[in-house]
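Student: Before the details are discussed, might the structure be displayed, so that each label can be set against its criterion?

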Amino acid sequence: MAVVQVIPVMIPDLGEEEAQAAAEAIRSGWVAQGPRVAKFEQEFAAAVGAGHGVAVSSCTTGLHLALVLLDIKPGDEVIVPSLSFIATANAVRYVGATPVFADVELATGNVTVETVDAVRTERTRAVIAVHQGGVPFDTAALRKATDGWGIGLVEDAACAAGSTAYGAPAGTGARVAAWSFHPRKLITTGEGGMVTVSSSEDAARLKRLREHGMNVSAADRHASKQPVLEAYLETAYNYRMTDIQAAVGLVQLGKLAGLVAQRRQLAERYQGLLSDIDGLVPVRDPAYGQTNYQSFWVLLDGFRASRDEVLTELAARGVSARRGIMAAHLEPAYADVTPGPLPVTERITRESLILPLHHKLTETDQDHIIGVLRELAIR
């Protein structure tokens, strides 16, 4: 029996250069948070148009710190999309606040001013808005609205490195944004994340919060020629990134522009190939920005087969696709939450799937994937 060659949904672009960078960090003797982390923070912040970067252990821990920075407490409500990886909602519970689920718009999978306003109450203290799958939300509109309401805005930019909004990198101008370097993202450090902020005061506090609340970092203490007696200014966390991870991240950051260009080219080809298949609607750029196509999802709109039938047939034909973006309010962890109506969220999570898109995807691979979908469309 012939072995089916599987087309992966995602492959991280890691190679010899990253391996050498990690090895050099190990040989240097400095493997914890140190000079490479500091350099990665500076270069990443510059790449996304932010004032400062603070490297952390994951985007999830970054979201947690962002809410601590905004002084969100028990009794407060934070509006989040249910249509997101569950970490977005979980971060709200980490600070003892209540997540309130907002619906999203069909075209982008993102919250809007209208969907947020629909669930806003007098207890609302912040919004976490997600650049879902790399598709930027309308930053100008939502920032203006949250400023007017007097509430905080955290940008969950986990998937958004390389995306743009209004001609600038996603996250540019945000008070606080959290980013992910998980292997499913365009650039990866294995695990790891970054928080970007506009002000030096916010950056300084975040650096304390990620390192047990110390008023001077371990790197600065080791670099000093005189004894340094640190103080611990508040109860905080151990959310640090290692220099090994940062060494890999610096190499990955240099690849970002090329990866975005390649993914956009492949996404455009997908869109063309899908254009004459009834019942399939591919994700596209919003009018105000460009997506990095971290995920390429397709919405089933009257397609002949169900989402699960499509996934099953693709898998049988060697294509590793995935269900669409999850809805947190449908998971057991949030069974105690009774949200308002979320019709678009539930439609997207029920009727969408993610197709393979990565740097090793070939046109032959795409033709095979589209061929399977064409067969399903005429059954």
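Tutor: This is a predicted model. One element may serve as a start: the largest share of the lining of the largest pocket, 3 residues, is supplied by helix 3.

Student: Which elements give two or more residues to the lining of the largest pocket?

Tutor: They are helix 3 (59-69), helix 4 (87-94) and strand 13 (322-323). The pocket is lined by 28 residues, and Ser84, Phe85, Cys159, Arg184 and Lys185 lie nearest its centre. About 650 Å³ of space lies in this pocket.

Student: How many residues of each class line the largest pocket?

Tutor: The lining has 10 nonpolar, 12 polar and 6 charged residues. In the second largest pocket, the lining has 6 nonpolar, 4 polar and 6 charged residues.

Student: Where does the lining of the second largest pocket come from?

Tutor: Helix 2 (35-47), helix 7 (200-209) and helix 8 (218-223) each give two or more residues to that lining. It is made up of 16 residues, of which Lys207, Arg210, Glu211, Ser217 and Asp220 lie nearest the centre. The space in the second largest pocket is about 300 Å³.

Student: Why is the contact of Glu234 with Arg205 called a salt bridge?

Tutor: The criterion is a side-chain nitrogen of Lys or Arg within 4 Å of a carboxyl oxygen of Asp or Glu. The closest N and O atoms of Glu234 and Arg205 are 2.8 Å apart, so the contact is a salt bridge by this criterion. The pair links distant parts of the chain, with Glu234 in the loop between helix 8 and helix 9 (243-274), Arg205 in helix 7, and their positions 29 residues apart.

Student: What makes Glu234 partly exposed?

Tutor: Buried means under 20% relative accessible area and exposed means over 50%. Glu234 has 25% relative accessibility, so it counts as partly exposed. Arg205, at 24%, likewise counts as partly exposed.

Student: What does the salt bridge of Arg264 and Asp285 tie together?

Tutor: The side chains of Arg264 and Asp285 meet at 2.7 Å, N to O. Arg264 lies in helix 9 and Asp285 in the loop between strand 10 (280-282) and strand 11 (289-290), so the pair ties together parts that are 21 residues apart in sequence. Arg264 is partly exposed at 21% relative accessibility, and Asp285 is partly exposed at 28%.

Student: Is Glu313, which pairs with Arg317, buried or exposed?

Tutor: Glu313 has a relative accessible area of 18%; the cut-off for buried is under 20%, so Glu313 is buried. Arg317 has 28% relative accessibility and therefore counts as partly exposed. The closest N and O atoms of this salt bridge are 3.7 Å apart, which lies within the 4 Å limit. Elsewhere, salt bridges that share partners join Asp301, Arg347, Arg350 and Glu351 into one network. The structure holds 25 salt bridges.

Student: How do you know that strand 12 and strand 14 pair?

Tutor: Pairing requires at least two bridges. Strand 12 (residues 296-300) and strand 14 are joined by 4 bridges and run antiparallel, so they pair. Within this pairing, Trp297 has Ile354 as its bridge partner in strand 14.

Student: What makes strand 13 a partner of strand 14?

Tutor: Strand 13 and strand 14 have 2 bridges in the antiparallel sense, and at least two are needed. The bridge partner of Arg323 in strand 14 is Leu353.

Student: Which residues of strand 14 point one way, and which the other?

Tutor: Ser352 and Ile354 point one way, Leu353 and Leu355 the other way, and all are buried. In a regular strand, side chains alternate between the two faces of the sheet.

Methods
Residues are numbered from 1 along each chain as its sequence is written. This is a predicted model: local features need pLDDT of at least 70, side-chain atom pairs count only at pLDDT 80 or more; totals for chains, interfaces and linings use all residues. Side-chain values use heavy atoms; hydrogens and water are left out. On a 1 Å grid over the protein atoms alone, a cavity is a set of points where a 1.4 Å probe fits but cannot get out, and a pocket is an open set with protein on both sides within 12 Å along at least five of seven lines; lining residues have an atom within 4 Å of a point. Grid points are joined across faces, edges and corners, and a volume is the space filled by probe spheres set on the points. Ala, Val, Leu, Ile, Met, Phe, Trp, Tyr, Cys and Pro count as nonpolar, Asp, Glu, Lys and Arg as charged, and the others, Gly among them, as polar. Buried means under 20% relative accessible area, exposed over 50%, partly exposed in between (1.4 Å probe, protein chains only).
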